[in-house]
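Trainee: I have a structure to go through, and I want to know where its labels come from. Can we take them one by one?

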Amino acid sequence: MSVSTKPPTRIAIMISGRGSNCMAIVRAVRDGRLPNCEIAVVISNVSAAPGIEAARVFNVPVVALEGRGRQQAEHEEAIGALLTKFRVDLICLAGYMRVLSANFVREWQGKMLNIHPSLLPAFPGLHAQRQALDYGAQIAGCSVHFVDESVDGGILIVQRAIDVLPTDTEATLSDRILAEEHIAYVEAIRRVLSGDHEIVGRRYLPRA
(Lines give C-alpha, C1' and ligand atoms only; values in the text may rest on other atoms or scores of the structure.)
Protein backbone atom coordinates (compact mmCIF):
# COMPACT_ATOMS: atom_id res chain seq x y z
CA MET A 1 0.00 0.00 0.00
CA SER A 2 1.42 3.37 -1.01
CA VAL A 3 1.82 6.07 1.59
CA SER A 4 1.17 9.68 0.66
CA THR A 5 4.24 11.87 0.82
CA LYS A 6 2.20 15.04 0.44
CA PRO A 7 2.72 17.34 3.45
CA PRO A 8 -0.36 17.63 5.68
CA THR A 9 -2.68 20.57 5.10
CA ARG A 10 -2.21 23.04 7.93
CA ILE A 11 -5.52 24.51 9.08
CA ALA A 12 -6.04 27.70 11.06
CA ILE A 13 -9.38 28.03 12.85
CA MET A 14 -10.54 31.53 13.77
CA ILE A 15 -13.10 31.93 16.56
CA SER A 16 -14.77 34.56 18.71
CA GLY A 17 -16.89 32.49 21.10
CA ARG A 18 -17.43 29.00 22.46
CA GLY A 19 -15.78 27.31 19.51
CA SER A 20 -18.07 24.31 19.05
CA ASN A 21 -17.42 24.16 15.29
CA CYS A 22 -13.74 24.55 16.05
CA MET A 23 -13.90 21.50 18.28
CA ALA A 24 -15.79 19.53 15.63
CA ILE A 25 -12.95 20.20 13.18
CA VAL A 26 -10.27 19.39 15.76
CA ARG A 27 -11.96 16.08 16.59
CA ALA A 28 -12.32 15.19 12.91
CA VAL A 29 -8.59 15.73 12.40
CA ARG A 30 -7.73 13.71 15.51
CA ASP A 31 -10.11 10.89 14.52
CA GLY A 32 -8.75 10.63 11.00
CA ARG A 33 -11.94 11.79 9.34
CA LEU A 34 -9.89 14.61 7.81
CA PRO A 35 -6.81 12.67 6.74
CA ASN A 36 -3.45 14.31 6.09
CA CYS A 37 -4.52 17.45 7.96
CA GLU A 38 -3.30 19.11 11.11
CA ILE A 39 -4.52 22.04 13.17
CA ALA A 40 -1.78 24.63 12.82
CA VAL A 41 -3.31 27.20 15.19
CA VAL A 42 -6.58 28.43 16.68
CA ILE A 43 -6.84 32.23 16.68
CA SER A 44 -9.39 34.12 18.77
CA ASN A 45 -10.10 37.83 18.47
CA VAL A 46 -11.72 37.73 21.93
CA SER A 47 -9.25 37.04 24.73
CA ALA A 48 -11.94 35.60 27.03
CA ALA A 49 -13.60 33.35 24.43
CA PRO A 50 -14.56 29.97 25.95
CA GLY A 51 -13.27 28.25 22.82
CA ILE A 52 -9.70 29.10 23.80
CA GLU A 53 -9.68 26.74 26.77
CA ALA A 54 -11.61 24.12 24.83
CA ALA A 55 -8.88 24.06 22.18
CA ARG A 56 -6.11 23.93 24.74
CA VAL A 57 -7.58 20.72 26.16
CA PHE A 58 -6.59 19.12 22.84
CA ASN A 59 -3.08 20.58 23.04
CA VAL A 60 -3.72 22.69 19.95
CA PRO A 61 -1.66 25.89 19.53
CA VAL A 62 -3.92 28.79 20.53
CA VAL A 63 -3.34 32.52 20.20
CA ALA A 64 -5.68 35.15 21.65
CA LEU A 65 -5.31 38.27 19.55
CA GLU A 66 -7.72 40.75 21.10
CA GLY A 67 -9.49 42.81 18.47
CA ARG A 68 -11.06 45.46 20.68
CA GLY A 69 -9.29 48.77 20.58
CA ARG A 70 -7.23 47.87 17.51
CA GLN A 71 -7.63 49.26 14.04
CA GLN A 72 -8.66 46.70 11.45
CA ALA A 73 -5.47 47.03 9.40
CA GLU A 74 -3.28 46.61 12.49
CA HIS A 75 -5.26 43.61 13.68
CA GLU A 76 -5.21 41.88 10.30
CA GLU A 77 -1.49 42.50 9.94
CA ALA A 78 -1.00 40.66 13.23
CA ILE A 79 -3.24 37.83 12.03
CA GLY A 80 -1.29 37.61 8.80
CA ALA A 81 1.97 37.33 10.72
CA LEU A 82 0.53 34.44 12.73
CA LEU A 83 -0.68 32.66 9.61
CA THR A 84 2.81 32.95 8.14
CA LYS A 85 4.46 31.83 11.36
CA PHE A 86 2.28 28.72 11.58
CA ARG A 87 2.56 28.00 7.82
CA VAL A 88 -1.19 27.93 7.31
CA ASP A 89 -2.72 26.51 4.11
CA LEU A 90 -6.44 26.85 4.86
CA ILE A 91 -8.43 29.17 7.14
CA CYS A 92 -11.73 28.05 8.70
CA LEU A 93 -13.83 30.83 10.21
CA ALA A 94 -15.85 29.18 12.98
CA GLY A 95 -17.99 31.76 14.69
CA TYR A 96 -15.48 34.52 13.94
CA MET A 97 -17.45 37.71 14.47
CA ARG A 98 -15.14 40.41 13.14
CA VAL A 99 -15.56 41.47 9.51
CA LEU A 100 -12.42 40.95 7.46
CA SER A 101 -11.23 43.52 4.96
CA ALA A 102 -11.41 43.07 1.21
CA ASN A 103 -7.62 43.00 1.02
CA PHE A 104 -7.39 40.17 3.55
CA VAL A 105 -10.14 38.20 1.81
CA ARG A 106 -8.49 38.58 -1.60
CA GLU A 107 -5.18 37.36 -0.21
CA TRP A 108 -6.85 34.14 0.97
CA GLN A 109 -9.32 33.74 -1.90
CA GLY A 110 -10.20 30.08 -2.33
CA LYS A 111 -8.39 29.17 0.90
CA MET A 112 -10.82 30.54 3.49
CA LEU A 113 -14.14 28.96 4.49
CA ASN A 114 -17.00 30.17 6.67
CA ILE A 115 -20.10 28.59 8.13
CA HIS A 116 -23.46 30.34 8.43
CA PRO A 117 -26.63 29.13 10.23
CA SER A 118 -29.03 29.45 7.30
CA LEU A 119 -29.60 28.03 3.85
CA LEU A 120 -27.91 30.83 1.96
CA PRO A 121 -28.71 33.01 0.12
CA ALA A 122 -31.62 33.20 2.58
CA PHE A 123 -31.06 35.11 5.82
CA PRO A 124 -27.46 36.34 5.60
CA GLY A 125 -25.88 38.40 8.36
CA LEU A 126 -26.62 38.34 12.06
CA HIS A 127 -29.41 36.41 13.84
CA ALA A 128 -30.15 34.12 10.89
CA GLN A 129 -32.22 31.74 13.01
CA ARG A 130 -34.39 34.60 14.27
CA GLN A 131 -34.75 35.84 10.70
CA ALA A 132 -35.95 32.39 9.62
CA LEU A 133 -38.56 32.22 12.38
CA ASP A 134 -39.76 35.79 11.79
CA TYR A 135 -40.13 35.06 8.08
CA GLY A 136 -42.09 31.89 8.73
CA ALA A 137 -39.60 29.61 7.01
CA GLN A 138 -40.53 25.92 7.22
CA ILE A 139 -37.04 24.68 6.41
CA ALA A 140 -33.80 26.01 7.91
CA GLY A 141 -30.24 24.80 8.04
CA CYS A 142 -26.62 25.76 7.55
CA SER A 143 -24.21 26.57 4.75
CA VAL A 144 -20.44 26.30 4.41
CA HIS A 145 -19.06 28.60 1.74
CA PHE A 146 -15.90 30.14 0.42
CA VAL A 147 -15.34 33.63 1.81
CA ASP A 148 -15.48 36.47 -0.66
CA GLU A 149 -15.85 40.22 -0.27
CA SER A 150 -19.63 40.08 0.19
CA VAL A 151 -21.46 39.22 3.42
CA ASP A 152 -22.15 35.48 3.42
CA GLY A 153 -22.16 35.56 -0.38
CA GLY A 154 -19.32 33.24 -1.34
CA ILE A 155 -19.71 30.08 -3.41
CA LEU A 156 -21.51 27.33 -1.49
CA ILE A 157 -19.71 24.07 -0.71
CA VAL A 158 -22.09 22.16 1.59
CA GLN A 159 -25.61 22.79 2.89
CA ARG A 160 -27.65 20.76 5.38
CA ALA A 161 -31.36 21.30 6.02
CA ILE A 162 -33.77 20.64 8.87
CA ASP A 163 -37.48 21.22 9.34
CA VAL A 164 -38.56 24.19 11.42
CA LEU A 165 -40.83 22.78 14.11
CA PRO A 166 -44.01 24.55 15.28
CA THR A 167 -42.55 24.57 18.79
CA ASP A 168 -39.18 26.02 17.80
CA THR A 169 -37.77 29.06 19.51
CA GLU A 170 -34.64 30.87 18.37
CA ALA A 171 -32.69 28.88 20.97
CA THR A 172 -34.00 25.43 20.02
CA LEU A 173 -33.65 26.10 16.31
CA SER A 174 -30.10 27.34 16.84
CA ASP A 175 -29.18 24.20 18.77
CA ARG A 176 -30.56 21.87 16.12
CA ILE A 177 -28.85 23.76 13.31
CA LEU A 178 -25.58 23.71 15.27
CA ALA A 179 -25.60 19.90 15.27
CA GLU A 180 -25.82 20.01 11.47
CA GLU A 181 -23.04 22.61 11.30
CA HIS A 182 -20.59 20.20 12.93
CA ILE A 183 -21.28 17.66 10.19
CA ALA A 184 -21.35 20.16 7.34
CA TYR A 185 -18.06 21.88 8.17
CA VAL A 186 -16.07 18.66 8.28
CA GLU A 187 -17.61 17.52 5.00
CA ALA A 188 -16.86 20.89 3.36
CA ILE A 189 -13.20 20.74 4.38
CA ARG A 190 -12.97 17.18 3.09
CA ARG A 191 -14.43 18.20 -0.27
CA VAL A 192 -12.17 21.21 -0.68
CA LEU A 193 -9.02 19.29 0.17
CA SER A 194 -9.91 16.22 -1.89
CA GLY A 195 -9.63 18.13 -5.15
CA ASP A 196 -12.50 16.10 -6.61
CA HIS A 197 -14.80 19.10 -7.06
CA GLU A 198 -14.66 22.13 -9.33
CA ILE A 199 -16.39 25.49 -9.57
CA VAL A 200 -18.67 25.94 -12.59
CA GLY A 201 -20.15 29.43 -12.49
CA ARG A 202 -21.34 29.60 -8.88
CA ARG A 203 -21.85 25.84 -8.57
CA TYR A 204 -19.43 23.62 -6.65
CA LEU A 205 -19.69 20.31 -8.50
CA PRO A 206 -18.00 16.90 -8.57
CA ARG A 207 -15.39 16.72 -11.32
CA ALA A 208 -16.54 14.88 -14.45
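Trainee: Is the crossing of H1 and H6 right-handed or left-handed?

Mentor: This is a predicted model, so keep that in mind throughout. The crossing of H1 and H6 is right-handed.

Trainee: Which residues make that contact?

Mentor: H1 brings Ser20, Asn21, Ala24, Ile25 and Ala28. H6 brings Leu178, Glu181, His182, Tyr185, Val186 and Ile189. Sort the residues of this contact by type, and you get seven nonpolar, three polar and one charged.

Trainee: Why are H1 and H6 called oblique to each other?

Mentor: Start with the angle. H1 spans residues 20-30 and H6 spans residues 170-194, and they pack at about 45°. Roughly parallel would need an angle under 35 degrees, and roughly perpendicular runs from 65 to 115. An angle of about 45° fits neither class, so the pair is oblique.

Trainee: How far apart are the axes of H1 and H6?

Mentor: The axes are 9 Å apart. In general, two packed helices are described by the angle between their axes and the distance between the axes.

Trainee: Now the cysteines. How many disulfides does the structure hold?

Mentor: Zero. A disulfide needs two cysteine sulfur atoms within 2.5 Å.

Trainee: How do you know that Cys92 is too far for a bond?

Mentor: Its closest cysteine sulfur is in Cys37, at 9.0 Å. The cut-off is 2.5 Å, so Cys92 is too far for a bond.

Trainee: And what makes Cys142 too far for a bond?

Mentor: The closest cysteine sulfur to that of Cys142 is in Cys92, 14 Å away. Against a limit of 2.5 Å, that is too far for a bond.

Trainee: Why are Cys92 and Cys142 called buried?

Mentor: Buried means under 20% relative accessible area. Cys92 has 0%, so Cys92 is buried. Cys142 also has 0%, so Cys142 is buried.

Trainee: What makes Leu126 exposed?

Mentor: Exposed means over 50%. Leu126 has a relative accessible area of 60%, so Leu126 is exposed. Leu126 lies in the loop between strand E5 and helix H5. Leaving out residues up to four places away in sequence, Leu126 touches Met97 and Gln131.

Trainee: How do you know that Pro166 is exposed?

Mentor: Use the cut-off of over 50% again. Pro166 has 85%, so Pro166 is exposed. Pro166 is found in the loop between strand E7 and H6. From Pro166 to Leu133 is 33 residues in sequence and 9.8 Å in space, C-alpha to C-alpha.

Conventions
Residues are numbered from 1 along each chain as its sequence is written. This is a predicted model: local features need pLDDT of at least 70, side-chain atom pairs count only at pLDDT 80 or more; totals for chains, interfaces and linings use all residues. Side-chain values use heavy atoms; hydrogens and water are left out. Buried means under 20% relative accessible area, exposed over 50%, partly exposed in between (1.4 Å probe, protein chains only). Axes are lines fitted to C-alpha atoms, for helices over the stretch in contact, and angles run from 0 to 180 degrees between N-to-C directions. Helices (H or I, at least four residues) and strands (E, at least two) are DSSP runs, numbered from the N terminus. Angles under 35 degrees count as roughly parallel, over 145 as roughly antiparallel, 65 to 115 as roughly perpendicular and the rest as oblique. A crossing is left-handed if the near helix is turned anticlockwise from the far one by less than a right angle, and right-handed if clockwise. Contact means heavy atoms within 4.5 Å. Ala, Val, Leu, Ile, Met, Phe, Trp, Tyr, Cys and Pro count as nonpolar, Asp, Glu, Lys and Arg as charged, and the others, Gly among them, as polar.
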